[in-house]
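Colleague: Please choose one part of this model and examine it closely, then follow its connections outward to the rest of the chain. I would appreciate a single connected account.

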Amino acid sequence: MRTDNVIECKGALILGAGLAGLFTALKLTPYPATVIAGARPGHSGSSAWAQGGIAAAVGEGDRWQAHARDTIAAGAGACDPGIVEIVTREAAARIEDLIAYGAPFDRKPDGSLALGREAAHSAARIVHVTGDRAGAEVSRVLAERALAAPSIALCEGFHAIELALENGRVAGVFARYGSGTDARLVLFRAGAVIFATGGIGALYAVTTNPLESRGEGLGMAARAGAAIVDAEFVQFHPTAIAVGRDPAPLATEALRGEGAVLIDETGRRFMPAVHQDAELAPRDVVARAIHREIAQGHRVFLDCREAIGAGFSRKFPTVYAACMSGAIDPATQPIPVAPAAHYHMGGIATDANGRSSLEGLWAVGECASTGLHGANRLASNSLLEALVFGARVADDIRGTVAARLQGSTPPAPQRFALAPPPKLLREVMTRYLGLERDDAGMRAALSTITAMERAANGEPSLLNMTAAAKLVAAAALARRESRGAHFRNDYPQPENTFKRNIQTLADANRIASSDLVSREPLRGQS
Ligand SMILES: Cc1cc2nc3c(=O)[nH]c(=O)nc-3n(C[C@H](O)[C@H](O)[C@H](O)COP(=O)(O)OP(=O)(O)OC[C@H]3O[C@@H](n4cnc5c(N)ncnc54)[C@H](O)[C@@H]3O)c2cc1C
């Protein structure tokens, strides 16, 4: 690939300035890190939009073992227990780190942390900020600290499109900056490359994720040969606010934790008949129940009038503002809701130190799949996973990759607007790879994605997105069971034993180009 400029990074190169990228950079200090991202650090990615908070067993009487049990129960038999133990055990120390960086978590009058309760958690263990502003405030604090750290270079306005490989090892990232005729390509070279590129939600037509969450990190890693795991596990948030906005604003799970209930247009509560925990059942159960109500012609609402009422604007200012933008006052009116693509449990396969299968590439945060979430993420465990693995990746790199004495200065970037993923791709993902899937639909999705890939004419950004989409479709087709967030009408039950679904892009291409999946068992390990 022709480049206009080569930047030699002194230490690690981090792609992504959400919570995972910024926290990893801070934990690396004084080891040098260059962080590149499309949008402004502290404001970019899903991180800045997170509402509920961060789960950690820090409350009186709560134990990491209880948090681990809840995580495993939500994960539908697909969590890696060793990873669950690591994350839940190390959670309290990472919350302490955030407090030391200045995160203004809500506190009780006695000064102890005020903890919220969310669906499928057996205790109140969510640290939060001003009710629903955890993501915005923690991202802001981390960005301020990173900007002030002499060992961290923060570079916004770069759109990464491809991994650079040298002698089979990941050696850097190609990124574009500027736009139109001024567009340039730069190669950032580094001894260690960390992907912190977030999720894939924007590949769906209905999503809570920002446009940046379009699976490009997953696609880039896969195109370079990385192993991807359980790509079929996509979580749909049950209660996106249905006011016709793209992305759809979110009505946080914490509202149901406070007692808000789901009703249809007649005021009928339907969740008690679906699950013993009613509105606090695991996310996939609630999301599918709402999906089915809507498919039967009902409208669905989150009724916060009794549980929260007049205190709404103070307790949940972000949700309140989103509702009011659609002329709904949630203190006095039920909020119209629908499920939306929200979180990717699958991702770049990583080990307990965040290493991918490619030498020189680490992955952290939503783009990685560590085995924590299994088939269904427990609420507020994703920011926690980014923190725990951010620290582990930093330790691993500091201990194994020598920093260089000299580096070079990146060019000053220009702001650019990211075009949305192709409409057809988003429609296909929502229609065929949504809350309910079947063989015919997934095959239709795969052939459309393959046709789009052929028509992409080698455009790397588009190929990153089609690669991510293809991996979701191929993995979903290969998993002939229903488990957690992956529900197939043609295989409605789980298999007795869970097998991780490890695929490379070459595997996904084979599935897409043949009928192989009907003859071959799943690849992977128990
Ligand atoms: C509305 C909403 C509410 C949520 N609430 C919670 C919650 O309360 N608790 C919780 O635990 N989780 C929550 N989540 C999930 C959680 O926010 C995400 O999983 C988490 O923030 C992911 O962090 P990240 O750093 O991995 O990625 P992100 O924060 O998404 O950051 C990705 C970064 O990568 C950059 N990037 C991506 N591709 C490229 C590219 N090609 N070139 C350059 N830069 C690129 C982006 O610009 C961005 O800087 C929520 C998610 C949403 C959408």
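Modeller: Helices and strands are taken here as DSSP runs, a helix being H or I over at least four residues and a strand E over at least two, numbered from the N terminus. On that basis arginine 283 belongs to helix 7, which spans residues 283-295. The model is a predicted one, and arginine 283 is the part I have chosen to follow.

The relative accessibility of arginine 283 is 7%. Since buried means under 20% relative accessible area, arginine 283 counts as buried. The side chain of arginine 283 is joined to that of glutamate 253 by a polar contact of 2.4 Å. When neighbours within four places in sequence are set aside, the residues in contact with arginine 283 are Gln235, Phe236, His237, Pro238, Glu253, His342, Asn376, Arg377 and Ala379. In the loop between strand 14 (261-264) and helix 7 lies alanine 278. The phi of alanine 278 is near 50°, a positive value in a residue other than glycine; most residues other than glycine have a negative phi. Alanine 278 is also buried, at 11% relative accessible area.

One of the contacts of arginine 283, namely Arg377, leads to the ligand. A nitrogen atom of the ligand lies 3.2 Å from an N or O atom in the side chain of arginine 377. Two further polar approaches involve oxygen atoms of the ligand: one is 2.5 Å from a side-chain N or O atom of serine 47, and one is 2.9 Å from a polar backbone atom of alanine 17. The ligand on its own has 1000 Å² of accessible area, of which the protein covers 97%. Helix 1 (19-28), strand 8 (158-166), helix 5 (216-223), strand 16 (335-344) and helix 10 (381-400) are the elements giving two or more residues to the surrounding shell. The shell has 15 nonpolar, 20 polar and four charged residues. Of the 39 residues around the ligand, those that come nearest are Ser44, Ser47, Gly52, Glu212 and Glu366.

Helix 1, one of those shell elements, may be followed further. Leucine 28, which is found in helix 1, is buried with a relative accessible area of 0%. Beyond residues up to four places away in sequence, leucine 28 touches Ala12, Ile14, Ala33, Ile194, Ala394, Ile397 and Arg398. Lysine 27 forms a salt bridge with aspartate 97, with 2.9 Å between the closest N and O atoms. Because lysine 27 lies in helix 1 and aspartate 97 in helix 3 (residues 81-101), this pair ties together parts 70 residues apart in sequence. Both partners are buried: lysine 27 has 19% relative accessibility, and aspartate 97 has a relative accessible area of 16%. In the loop between helix 1 and strand 3 (33-37) lies proline 30, which a cis peptide bond with omega of about 5° joins to threonine 29.

A second cis bond, with omega near -5°, runs from aspartate 246 to proline 247. Proline 247 is found in the loop between strand 13 and helix 6 (254-257). Most peptide bonds are trans.

The loop between strand 12 and strand 13 holds aspartate 230, which has a positive phi of about 50° although it is not a glycine. Aspartate 230 is buried at 2% relative accessibility. Its side chain meets that of arginine 500 in a salt bridge of 3.4 Å, N to O. Arginine 500 lies in the loop between helix 13 (460-478) and strand 20 (502-503), so its pairing with aspartate 230 ties together parts that are 270 residues apart in sequence. Arginine 500 is likewise buried, at 14% relative accessibility.

Another setting for a salt bridge is found at helix 11 (residues 423-432), where lysine 423 and glutamate 427 lie four residues apart, about one turn of the helix. Their closest N and O atoms are 3.4 Å apart. Lysine 423 is exposed, with 63% relative accessible area, and glutamate 427 is partly exposed at 38%. Elsewhere, salt bridges with shared partners join Asp230, Glu232, Arg479, Glu481, Arg483 and Arg500 into one network. The salt bridges number 39 in total.

Notes: Residues numbered from 1 in each chain as written. Predicted model: local features only at pLDDT ≥ 70, side-chain atom pairs only at ≥ 80, totals over all residues. Heavy atoms only, no water. Near = heavy atom within 4 Å. Polar contact = N/O pair within 3.5 Å; in protein donor to acceptor, adjacent residues only side chain to side chain. Areas by Shrake-Rupley, 256 points an atom, 1.4 Å probe, with all protein chains shown as cover. Nonpolar A, V, L, I, M, F, W, Y, C, P; charged D, E, K, R; others polar. Salt bridge = Lys/Arg side-chain N within 4 Å of Asp/Glu carboxyl O. Buried < 20%, exposed > 50% of the residue type's maximum accessible area, 1.4 Å probe, protein only. Contact = heavy atoms within 4.5 Å.
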